[in-house]
Amino acid sequence: MNVKTYTQIAMMAMALQVPAIAIAQENTDTTATARQLNEVVVKAPKVIRKADMDVYYPSASAVQNSRNGMQLLTNLMIPSLTVTDALGTIQAAGQSVQVRINGRVATVDQVKALLPQTVKRVEWIDNPGLRYNGANYVLNFITANPTLGGSLRAEGRQALNTAWGEYFVDAKFNNGKSQFEVGSNFKLTDNIKSYRDYTETFTYADGTSLTRTETPEGGSIDNNFGRLWGAYSYIKPDTTVFYLRTSANPTFSNDWRAKGLLTLSDGSEAIMLTDSHGDKGLTSGLSAYLEQHFAHRQTLVVDFNASFYNGKSYSDYIEQHLGTDDCLTNIHTMIKDRNQAYAVEADYIKNWKNSRLTAGASYTANRNRSEYENLGGEIFHQRQDKLYLFAEYYQRINKVSLTAGLGAQYTDFMFKESNQGNHSWNLRPQASLSYSLNQNHRFRLSFRSWQSAPSLAETNIAPQQIDGFQWRIGNPHLKTSTSYLLTLQYNFNLPRVAGTFGISAFNSPNAITPYLYWSDDRLITSYENSRGLKNLAFFLSPQVEIIPGWMMASAHLQYRAERMQGSDYKLYNHNWSGNVNIMLTHWGFQLVGQYVRAQHDLWGEKISWGENLSIIQLSYNLKNWQFGAGVIMPFGRYDQGSKMLSKWNTNEQHQRLDMKMPYISISYNLQWGRQKRPANKLINAGANTDKSTPGGR
């Protein structure tokens, strides 16, 4: 008997046994994983392969062992994802993941605020359409109408051997069709010990060279920030949704400090080096959302976002002879920013039985004001405007599904003081063809493109000194770059094994990258539209049920080969990367282990890599409480760094942290009364303020 037959029997049983109002509610909620009706059990597959997404249904044990949305996501063990609850991060294949709740863009804080019992399914979209405006991946939590009228969720995590921790609280209250929410989060990272391994070789224009080797003498990192938010939503089911949110995000201190002893290959006296940089400030935001449904399955959605940043960034670089206070080099950079961003988007959606049309337009405006204290208070203004138009059509014909669309983006930016800038139109075609052999086997060929506009740091013409002879100057003549990605993948569901195997080809023919050149006795770092980056990647993402109901493992393994070309260089890179997760659950206890090998990215003349991490955590659930203990980096060595391959500057840097941190965590959930469902926001206009980046090695 197949799933369709089971579902028909279940609906008949429900019609005989429950009141009519309950029938109406259950007919709109087809996502329950298991429901007992006399001797009939309705059970949905763990993952449903759709044409444009994979849909995961939380099991009863996954919900029972979770106290918030992040913990639930960890328990789902989606193979491609790297979910690090202890650090509050979600990534896929080393790239960012756009998180949504009921279609609206959300933050990790909002995911943590989710009540696991209300999450009916999680949609994993690794081929986002044009309405996602260039997102690498999309993770969408679909929540049901809560039956409780209020909720309080709190969590605390603290390291036992250092000043590192995170504290979170969120509450929701309801009154008729309205819902009110308040919440806050605080992240503590204070004076974490660190050091840097660094070696560099400079080659001058006349062919001579100098090697400087840095022996670490200590260092530390601070990263203390807070988040405060409040939200209001009004929902008239199937007709109107209104959502309003305000937030304030202070960065109290985000500082990196290093000391080292420099020895020089020319036999010169050793130099004591002090290198530090950081920032602090306040980012506040306002968002408003309106969704209106009309007859004939038509929907109009309008979203507005605004954000404001007021803060400062600094960089200090000091070279001294040993045993003296005399400075050979003393570079201080201080930039005060007052930046604003505004965005508005409107989408029209029309649905038919087997097809869908989506069309929309968005406008984003950035206004930046930067005051350079080290340049005598000189002020620079930059404006950037982006207009994006798109239309996308989806059609399903039996086992074949086709999505095709076209977007167009206009970008314009200008520096007020120099009257320099650029503007351009770029097309964004996208298409996807999917064939489902059956529920357990699906093939998909997809093509997508997106644009990357030059950032404030890349276009800012204000000269910034990095060290004794290195400088950075932006290029106001940069053009918006376009990237293309072609992916062929096979998704499979086998007994106790599910996953994805695929191959992808990437091309960014005019990527914006740094380049180096000598100007007199100065080595200048600027930016160019390069000759492009190309790469080819093979990936496998399995999920294995080792002991049904007890033990599960998931992984993402990738091999990538790439080539980067610039004005006068051609470089190659290839490497393995991925993550492995294993989870053991029994008797209310849950043991989770995670290992991450960071992806090595070639960009311009530099290969850089993120964090190589390992984490082990044991937790126990008791009613509304969850108690946990874990260790970050129980094995291996923390490493984050880069390797420069320029003919003018060859260097290698490894950032080391004292990350062997045992910690404890406590989570608490409380629900009461009767509450309104969260706002179902289908789109989100992006309005992210720019921030200046001071020079630094």
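Start your tour by selecting Asn140: at 8% relative accessibility, Asn140 counts as buried, because the cut-off for that word is under 20%. Keep in mind as you go that this is a predicted model.

**Stop 1: around Asn140**

Colour strand β11, residues 138-143, and you will find Asn140 within it. Now show the residues that Asn140 touches, leaving out those up to four places away in sequence: Arg100, Ile101, Asn102, Gly103, Arg121, Val122 and Glu123.

Next, bring up the sheet that includes β11. Six strands make up this open sheet, and you can trace them in the order β3-β4-β10-β11-β8-β9, with mixed pairing. Which strands are at the edges? They are β3 (47-49) and β9 (104-105), each of which pairs on one side only.

Stay with the sheet and select β4 (residues 54-56) together with β10 (residues 119-125). These two strands run in the antiparallel sense and pair over three bridges. Click on Val55, and look across to β10: the residue opposite Val55 is Glu123. You have already met Glu123 as one of the residues that Asn140 touches.

**Stop 2: the whole chain**

Zoom out for a moment. The protein chain contains six helices and 42 strands. Of its 697 residues, 52% are buried. Contacts tell a story about distance along the sequence: among those with a separation of 6 or more, 65% are between residues 24 or more positions apart.

**Stop 3: an enclosed space**

Now for some empty space. Rolling a probe the size of a water molecule over the atoms shows where such space is left. Across the whole structure, a search turns up five cavities of 30 Å³ or more. Head for the second largest cavity, which holds about 310 Å³ of space.

To find this cavity, select Thr74, Val83, Asp85, Val592 and Gln594, which are the closest to its centre of the 24 residues that line it. Then colour α4 (69-76), β5 (81-84), β35 (589-597) and β38 (613-622), the elements that each give two or more residues to the lining. What classes of residue make up the lining of the second largest cavity? There are 10 nonpolar, 13 polar and one charged.

**Stop 4: strand β14 and its ring pair**

Move on to strand β14, residues 178-189, and pick out Ser184 there. Is Ser184 buried or exposed? Neither label fits: Ser184 has a relative accessible area of 26%, so it is partly exposed. Not counting residues up to four places away in sequence, Ser184 touches Tyr167, Phe168, Val169, Arg227, Leu228 and Trp229. Try a distance label between the C-alpha atoms of Ser184 and Val169: they are 15 residues apart along the chain and separated by 5.6 Å.

Also in β14 is Phe186, whose partner Phe252 belongs to strand β17 (residues 240-264), 66 residues apart, so to speak, a link between distant parts of the chain. Their rings form a tilted aromatic pair, 6.2 Å centre to centre with 55 degrees between the planes. Phe186 is partly exposed at 32% relative accessible area, and Phe252 is partly exposed at 46%.

**Stop 5: a stacked pair**

For another ring arrangement, select Phe447 and Tyr484. This aromatic pair is stacked, at 6.2 Å centre to centre and 15 degrees between the planes. Phe447 sits in strand β25 (residues 441-452) and Tyr484 in strand β28 (residues 481-494), 37 residues apart. Phe447 is partly exposed, with a relative accessible area of 27%, and Tyr484 is partly exposed too, at 30%.

**Stop 6: strand β31 and its partners**

Finish at strand β31, residues 522-529. Six of its eight residues are buried, so β31 is largely enclosed by the rest of the structure.

Show β30 (residues 512-519), which pairs with β31 in the antiparallel sense over eight bridges. The two strands form a hairpin with two residues between them, and in the turn Asp520 has a positive phi of about 55 degrees. Trp518 has Leu523 as its bridge partner in β31. Trp518 also belongs to an aromatic cluster with Phe202, Tyr204 and Phe469.

Lastly, add β27 (residues 470-472), which pairs with β31 in the parallel sense over three bridges. Here Trp471 has Ile524 as its bridge partner in β31.

Terms used. Residues numbered from 1 in each chain as written. Predicted model: local features only at pLDDT ≥ 70, side-chain atom pairs only at ≥ 80, totals over all residues. Heavy atoms only, no water. Helix = DSSP H or I, 4+ residues; strand = E, 2+ residues; numbered from the N terminus. Buried < 20%, exposed > 50% of the residue type's maximum accessible area, 1.4 Å probe, protein only. Contact = heavy atoms within 4.5 Å. 1 Å grid on protein atoms, 1.4 Å probe; cavity = no way out; pocket = protein on both sides within 12 Å on 5 of 7 lines; lining within 4 Å. Points joined across faces, edges and corners; volume = space filled by probe spheres on them. Nonpolar A, V, L, I, M, F, W, Y, C, P; charged D, E, K, R; others polar. Pairing = 2+ DSSP bridges. Phe/Tyr/Trp six-rings, centres within 6.5 Å; stacked < 30°, edge-to-face > 60°.
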